[in-house]
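Let's take a walk through this structure together. Have a look at it first, and then we'll go through it piece by piece.

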Amino acid sequence: MKTVLPPSRRALLGALFLMLAAPALPVTAHDFTAGSVVVDHPYAAPTPAGARSGAVYFRMLTNEGRQPDRLLSARSPVAARIEIHESTMEGDVMRMRALPALELAPGAAVPLRHGGRHHLMLMELKQPLRDGDRFPVTLVFERGGSTEVMVDVHPVRAARMPAGGAAHH
């Protein structure tokens, strides 16, 4: 005797199968964790040939913990060193300065976006960053320890220009 399920039962069983199979599917999100810090979507813009510096950005660094944390440093095989930078407007001039660390208060969500206040500066690039490249960056947090993230290189959308109209990268 052959059992025939009504369409609604077949749909339910199909959905159940997909839910059970989902953990085996590859994760498509581009985020990483270090302790209670979530590193959302690391990316970099392509650099012109001969460029000696570049930048790494994150959609967001979020401290989901109850204790403060700090991004202390970063390193990558694509650059001699990486600095944590803050950009500020002084009159009509955009200024960048290296920070000793980036503070992440409990519950804080800090964007490190292209054209924004913070980013990681890749110093002494070993070769240009090309569209489609991927490279590792190791982030070191005070509480969360070290974590390696993979940075995707792709053109960035036009960022809002700071007052005065000058972009820094």
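**Starting at one strand**

V151 sits in strand β11 (residues 145–153); strands here are DSSP runs of E with at least two residues, helices are runs of H or I with at least four, and both are numbered from the N terminus. Before going on, a word on the ground rules: this is a predicted model, where local features need pLDDT of at least 70 and side-chain atom pairs count only at pLDDT 80 or more, while totals for chains, interfaces and linings use all residues. Residues are numbered from 1 along each chain as its sequence is written, and side-chain values use heavy atoms, with hydrogens and water left out.

Back to V151. With a relative accessible area of 0%, V151 is buried, a word that stands for under 20% relative accessible area, with exposed meaning over 50% and partly exposed lying in between (1.4 Å probe, protein chains only). What does V151 touch, if residues up to four places away in sequence are not counted? The list is P42, Y43, A44, V56, D133, R134, F135 and V137, where a contact means heavy atoms within 4.5 Å. Take R134 from that list: it is 17 residues from V151 in sequence, yet the two C-alpha atoms are 5.4 Å apart in space.

A44 is another name on that list, and it belongs to strand β2. A44 is buried too, at 0% relative accessibility. Leaving out neighbours within four places in sequence, A44 is in contact with A55, Y57, L129, F135, V151, D152, V153 and H154. A44 and V153 make a nice example of the chain coming back to itself: 109 residues separate them in sequence, but C-alpha to C-alpha they are 4.7 Å apart.

**Stepping back**

Now for the whole protein. It has 1 helix and 11 strands, and along the sequence the helix comes ahead of the strands, in the pattern α-β-β-β-β-β-β-β-β-β-β-β. Of its 169 residues, 37% are buried. Among contacts with a separation of 6 or more, 67% are between residues 24 or more positions apart. The accessible surface is about 10,300 Å², and carbon and sulfur atoms account for 57% of that; these areas come from the Shrake-Rupley method with a 1.4 Å probe, and for residues only the protein chains shown count as cover.

**The β1–β2 hairpin**

Strand β1 (residues 31–34) has side chains that alternate: F32 and A34 point to one face and are buried, whereas D31 and T33 point to the other and are not. β1 runs antiparallel to β2, joined by 4 bridges; strands count as paired if DSSP finds at least two bridges between them. Across from F32 you'll find V39 in β2. The hairpin has 2 residues between its strands, and G35 takes a positive phi near 65° there.

Glycine aside, most residues have a negative phi. H41 is not a glycine, but its phi is positive, near 55°. H41 lies in strand β2 (residues 37–44) and is buried at 16% relative accessibility. E124 also has a positive phi of about 55° without being a glycine. E124 is in strand β9 (residues 118–125) and is partly exposed, with a relative accessible area of 39%.

**Rings and core**

How many aromatic pairs are there? The count comes to 1, taking rings of Phe, Tyr and Trp (its six-membered ring) with centres within 6.5 Å. The pair is Y43 and Y57, and it is tilted because the ring centres are 5.4 Å apart and the planes lie at 35°; under 30 degrees would count as stacked and over 60 as edge-to-face, with the rest tilted. The pair links distant parts of the chain, with Y43 in strand β2 and Y57 in strand β3 (residues 53–63), 14 residues apart. Y43 is buried at 6% relative accessible area, and Y57 is buried at 2%.

Finally, the largest nonpolar core has 31 residues, and those with the most contacts inside it are V39, L61, L120, L122, F135, V137 and L139. Such a core is a set of buried Ala, Val, Leu, Ile, Met, Phe, Trp, Tyr and Cys residues joined through side-chain atoms within 4.5 Å. Strand β10 (residues 134–141) gives the largest share of this core, 4 residues. L139 has contacts beyond four places in sequence that include V39, F58, L71 and L120.
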